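This report goes through one protein model, from its salt bridges to its core and its overall dimensions. The sequence and structure come first.

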Amino acid sequence: MRPEAKKRSDFKHFHAITTRWMDNDAYGHVNNVVYYSWFDTVVNQFLVASGVLDIEHGKVIGLVIETQCNYFASVAFPEPVTAGLRVTKLGNSSVRYEVGIFREGEESASAQGHFVHVYVDRESRRPAAIPEPMRAVLQAIAV
C-alpha cells in the first residue's frame, strides 16, 4: 500500500532549502540521494538553531541508523523547496524524525520519509540518554 502525501499542516518546524544545479540528474529532476541530504540538513539545522547540538564539543552525538523516503512529485533546479520536520517517536536514546519536502506553493509533500538518530557518547560510541535540554526541544515538535 502506497503512503499518502502529508500536508504542511502535519509538520511543526520548517526550513527553506535552495536547490542547486548539481542536484538534478540526467532525467532532469533532483536525484533521490539529494533528498536524504535535505533530511539531514533540516534535522541538524533545527537542533543547532535550537541551541541543543554542539557539533564539535557535545558529549553526545546522533548517529543515523535508518532512513526511508517516498516520492510523490518531481522537484527540479531551480525550484526552492521547504523541508517540514516533526518527531514521531522519542525514546531514551533514540528519536524518529519525519520530514516532508514541499515545492513552493504546494500543500502536499513532493517527498516524505523518516530519519532515526541514536544518541551515543562521543568517546565510547555507546548509547547515551538524550540530554534533557534536547529532549525538551524535540518534544516541542512531537506529534
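## Salt bridges

R103 and E79 form a salt bridge in which the closest N and O atoms are 2.7 Å apart; the term stands for a side-chain nitrogen of Lys or Arg within 4 Å of a carboxyl oxygen of Asp or Glu. This pair links distant parts of the chain, with R103 in strand β4 and E79 in the loop between β2 and β3, 24 residues apart. Helices (H or I, at least four residues) and strands (E, at least two) are DSSP runs numbered from the N terminus. R103 is partly exposed, at 26% relative accessibility. Burial follows fixed cut-offs: buried is under 20% relative accessible area, exposed is over 50%, and partly exposed is in between, with a 1.4 Å probe and protein chains only.

The model is predicted, local features need pLDDT of at least 70, side-chain atom pairs count only at pLDDT 80 or more, and totals for chains, interfaces and linings use all residues. Residues are numbered from 1 along each chain as its sequence is written, and side-chain values use heavy atoms, with hydrogens and water left out.

By the rule above, the count of salt bridges is five. The table gives three of them, including the pair already described.

| Pair | Closest N to O distance |
|---|---|
| R103 and E79 | 2.7 Å |
| D23 and R20 | 2.7 Å |
| E98 and R96 | 3.6 Å |

In the pair of D23 and R20, D23 is buried, with a relative accessible area of 1%, whereas R20 is partly exposed at 43%. In the pair of E98 and R96, E98 is buried at 14% and R96 is partly exposed at 26%. R86, R96 and E98 are linked in a network of salt bridges.

## Loops and backbone

S110 sits in the loop between β4 (94-103) and β5 (111-121). It is buried, with a relative accessible area of 2%. Contact here means heavy atoms within 4.5 Å. Apart from neighbours within four places in sequence, S110 is in contact with N70, Y71, F72, A73, V75, I101 and R103. R103 is thus a contact of S110 as well as the salt-bridge partner of E79.

Most residues other than glycine have a negative phi, and most peptide bonds are trans. Two places in this model depart from that pattern. The peptide bond from F77 to P78 is cis, with omega near 15 degrees; P78 is in the loop between β2 (60-71) and β3 (80-90). R125, which is not a glycine, has a positive phi of about 60 degrees. R125 lies in the loop between β5 and α2 (132-140) and is partly exposed, at 48% relative accessibility.

## Core and helix α2

A nonpolar core is a set of buried Ala, Val, Leu, Ile, Met, Phe, Trp, Tyr and Cys residues joined through side-chain atoms within 4.5 Å. The largest one has 32 residues, among which W38, L47, Y97, I101 and L138 touch the most other members. Two or more residues each come from α1 (32-49), β2, β3, β4, β5 and α2. The largest share is that of α1, with eight residues.

L138 touches F46, L47, V87, L90, V95, Y97 and I130, leaving out residues up to four places away in sequence. L138 is also one of the buried residues of α2, which are M134, R135, V137 and L138. Seen down the axis of α2, these fall within an arc of 165 degrees, so they line one face of the helix; the arc is that of the directions from the helix axis to the C-beta atoms. On the other side of α2, E132, P133 and A140 are exposed. The cover over the buried residues of α2 includes α1, β3, β4 and β5.

## Whole chain

The protein chain has two helices and five strands, in the order β-α-β-β-β-β-α from the N terminus. Its radius of gyration is 16 Å, close to the 15 Å that the globule rule gives for 143 residues, so the chain is as compact as a globular protein of that length. The radius is taken over C-alpha atoms, and the rule is 2.2 Å times the number of residues to the power 0.38. Along its principal axes the C-alpha trace spans about 45 × 30 × 30 Å.

Buried residues are 41% of the 143 in the protein chain. Among contacts between residues at least 6 apart in sequence, 73% join residues at least 24 apart.
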